[in-house]
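Dear colleague,

I am passing this structure on to you, and I would be glad if you could look through it before reading my notes. What I found is set out below the structure.

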Amino acid sequence: MMWGCDQGMGWMWLWGPLLLIGIALLVLLAVRVIGCGIRGGYGPGGPDGPGGPPPMGGSRARQILDERFAKGELTADQYREQLKVLGEGR
């Protein structure tokens, strides 16, 4: 009694290549995910994405100032004073 061990063995050769393809796809996915997280500055990602250009009408200095104010590092008076220094105060 062999319990059918010899039936279907013709497809066993397929598991090796499928396993290798699956591992290669996982490695490729990991490289792309990690690679996009490391790359900064201006690059792919569109205007709304993390690698996009700064918004129209605003400088990088203004963005940093806005971020510091949002984090609570600057008071409202300090924020307005720095806007005047940047020439963007009203």
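The protein exposes about 7900 Å², and 67% of that area is supplied by carbon and sulfur atoms. Please keep in mind while reading that this is a predicted model, and that the values here are computed from it. Buried residues make up 8% of the 90 residues in the protein, where a residue counts as buried when its relative accessible area is under 20%.

As for the fold, the secondary structure comes to three helices and zero strands, so that, in the order of the chain from the N terminus on, the elements read α-α-α. If one takes the contacts between residues at least 6 apart in sequence, 12% of them join residues at least 24 apart.

The side chains gave me the rest of what I have to report. In general, side chains of opposite charge can pair when their charged atoms come close. How many salt bridges are there in this model? The count comes to three, and I take them in turn along the chain.

One of them joins Arg-62 and Asp-66, with 3.1 Å from N to O. Both residues lie in helix H2, which covers residues 60–71, and because they are four residues apart there, about one helical turn separates them. Asp-66 has a relative accessible area of 29% and is therefore partly exposed.

Another salt bridge is formed by the side chains of Arg-68 and Glu-73, where the distance from N to O is 3.0 Å. Is Arg-68 buried or exposed, or does it fall in between? With a relative accessible area of 36%, Arg-68 is partly exposed, and Glu-73, at 45% relative accessibility, also counts as partly exposed.

There is also a salt bridge between Asp-77 and Arg-80, at 2.9 Å from N to O. These two residues belong to helix H3, made up of residues 76–86, and because they stand three residues apart in that helix, the separation between them is about one helical turn. Arg-80 is partly exposed, with a relative accessible area of 46%, whereas Asp-77 reaches 55% and is exposed, the cut-off for that class being over 50%.

When you open the structure, you might begin with the pair in helix H2, Arg-62 and Asp-66, and then go on to Asp-77 and Arg-80 in helix H3.

With best regards

Note on methods: Residues numbered from 1 in each chain as written. Predicted model: local features only at pLDDT ≥ 70, side-chain atom pairs only at ≥ 80, totals over all residues. Heavy atoms only, no water. Salt bridge = Lys/Arg side-chain N within 4 Å of Asp/Glu carboxyl O. Buried < 20%, exposed > 50% of the residue type's maximum accessible area, 1.4 Å probe, protein only. Contact = heavy atoms within 4.5 Å. Areas by Shrake-Rupley, 256 points an atom, 1.4 Å probe, with all protein chains shown as cover.
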